[in-house]
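User: I would like to learn how to read a protein model. Please take me through this one step by step.

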Amino acid sequence: FFFFFFFLCEPSVMVFGKKLQVAVLAFLSYRLVRGVGSRLSGKAREKRRLEEETELVMSELLHPHFPRQAEAGDENLAPDGAAEKAPDGSVSARLREIERRDEGTGPGGQDSGMSPAFQCLSARSKNTFIMKRLRLLKARVDEDGGFPICAVVNGDLDRTLLRFLMAAEFDVETARENVRDLKKWREEKGIDHILRWMLPQEKVKALRRCMPSSYHGRDKQGHPIHLEQTGHFNWEVLRHCSADDLVKIHILAQEYQSRVLFPRASAEKGYTVDSMCNILDLRGLNVGVLSNLHALNIFKEVQKIDQKYYPGMLHMTYVVNAGWVFRAIWRVLKVVFPAREQSKLRLVPKGEKGLEMLREVIPEEHIPKFLGGSCQCEKGCVSGPLGSGEEPSDNQQVMMDDLNEIRDFFSRNAGREDKYIQKSIRVWCEDPKRKVKLEYVASETVMVSQ
């Protein structure tokens, strides 16, 4: 070592020594960078594998020929007004099937406790890493007291947890912590009961007049469509409604969507529908919205709530009549959207080309007339100046009727256990034309047709 040191210190070899030092440092730097890069690329490969496995599982669940487990007890629903009761006379068969699914009872083995759809997956899908992580997350959530029943879409806990797992970049502990936050938020804010909440009528009229929007049918895959004329939003609404009112209205819409529209669409399509579409008409949008700090703050708060407590519920957003103003606004607002959500934005060209793009994914009768569709809305596709004004649009009226029915459920059964009401709401929303009455026997629920 000393010989080598003195050798390098000789004037004749100083240049060689410096070059050697540079070479050694370069080599060490290369190994360090390569090691870090290898670890990063390893994580990227793992994430990509989990994403591909998720696509595999979802492709099976959404395939039209995927084997569906029959809904036990459907044949016992009596449309002629006769009482619907299970053989033991205690609980209607449909409610018992929902209760069995919610509680996760079932045959033994690794599929025990999985939803009916997930039990029908192929062996290849069941043995993927994503399914192993899903089962682990489910066990962790059970240790923490379970998942809030009102936040389980269509009674399919596995699909609901899968959305949280994907939003957490497939990290089980992060997803578990997010579920804990969800439970705390729902309890503190009373979200389970928000479908009973109502704005004063004068605020409702201001909301319809200033913020033209409505649900408007479904796309071809069953996703409910939220339609709004964003370009005609009038922030004069803040003179009538507080920021808290607007945020609470948004949460109400999210709960109505997940607890009524998704189960209704799922019953019709035969598989769980748990995401929605947006159609945003930006005609009339001006850059002045960027100077409205109240509007921007409300938007950011709403997006924060959606990403944290309703993850993965966006299927696609179609933006029509977008101009340079949208691009300017998007540069400011896109920072609140995860990369996965940003990829779900589609700019619709103007004219016939754009209409054809919409027709590829949305039935003609669910494309609004003002975009070239043939919907049959009589009052208007949305409220506001170009629609039904202060009065409810056609689909807003449907939503109002649904919410009134749900409020009636609660008022007729004040003081009863909420979980039975929630399960019964899910039965009712699948077939809202069939009037339902709830009767309570001890801690059980009997549903009979009126």
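User: What share of the contacts in the protein with a separation of 6 or more comes from residues 24 or more positions apart?

Analyst: This is a predicted model: local features need pLDDT of at least 70, side-chain atom pairs count only at pLDDT 80 or more, and totals for chains, interfaces and linings use all residues. Residues are numbered from 1 along each chain as its sequence is written, and side-chain values use heavy atoms, with hydrogens and water left out. Contact means heavy atoms within 4.5 Å. Among contacts with a separation of 6 or more, residues 24 or more positions apart account for 69%.

User: How many helices and strands does the protein have?

Analyst: Helices (H or I, at least four residues) and strands (E, at least two) are DSSP runs, numbered from the N terminus. On that basis, the protein has 16 helices and seven strands.

User: What percentage of the residues count as buried?

Analyst: Buried means under 20% relative accessible area, exposed over 50%, and partly exposed in between (1.4 Å probe, protein chains only). The protein has 450 residues. The buried share is 47%.

User: In what order do the five strands of the open sheet stand?

Analyst: Two strands pair if DSSP finds at least two bridges between them. The pairing in this open sheet is mixed. The order is 1-2-3-4-5.

User: Which strands stand at the edges?

Analyst: An edge strand here has a single partner strand, so one side of it is left without a neighbour in the sheet. The two are strand 1 and strand 5 (345-348).

User: Do strand 1 and strand 2 run parallel or antiparallel?

Analyst: Strands of a sheet pair through backbone hydrogen bonds, either parallel or antiparallel. Four bridges join strand 1 to strand 2 (residues 224-228). Ser213 stands opposite Glu228, and Ser214 has Leu227 as its bridge partner. These two strands run antiparallel.

User: Which residue in the hairpin of strand 1 and strand 2 takes a positive phi?

Analyst: Five residues lie between the strands of this hairpin. One takes a phi near 100°. That residue is Gly222.

User: Do strand 2 and strand 3 run parallel or antiparallel?

Analyst: Four bridges join strand 2 to strand 3 (residues 276-281). Ile225 stands opposite Cys277, and Glu228 has Leu280 as its bridge partner. Strand 2 and strand 3 run parallel.

User: Which residues of strand 2 are buried on each side?

Analyst: Strand 2 is mostly covered, with five of its five residues buried. One side holds Pro224, His226 and Glu228. The other side holds Ile225 and Leu227.

User: At what angle do the axes of helix 7 and helix 8 cross?

Analyst: Axes are lines fitted to C-alpha atoms, for helices over the stretch in contact, and angles run from 0 to 180 degrees between N-to-C directions. The axes of helix 7 (residues 157-167) and helix 8 (residues 172-189) come within 8 Å. They cross at roughly 115°.

User: Which residues make the contact?

Analyst: Helix 7 gives Leu161, Phe164 and Leu165. Helix 8 gives Val172, Ala175, Asn178, Val179 and Leu182.

User: Which helices cover the buried residues of helix 8?

Analyst: The buried residues of helix 8 include Val172, Arg176, Lys183 and Trp185. Their cover includes helix 6 (129-143), helix 7, helix 10 and helix 11.

User: What span should helix 11 have?

Analyst: The expected span of a helix is 1.5 Å times one less than its number of residues. Helix 11 (residues 293-309) has 17 residues, and its end C-alpha atoms are 24 Å apart, which agrees with the expected 24 Å.

User: Is Asp402 buried or exposed?

Analyst: Asp402 lies in helix 15 (residues 394-412). Its relative accessibility is 5%. Asp402 therefore counts as buried.

User: Which residues does Asp402 touch, not counting those up to four places away in sequence?

Analyst: Tyr256 is 146 residues from Asp402 along the chain, yet their C-alpha atoms are separated by 8.9 Å. Leaving out residues up to four places away, Asp402 touches Tyr256, Val260, Arg264 and Trp428.
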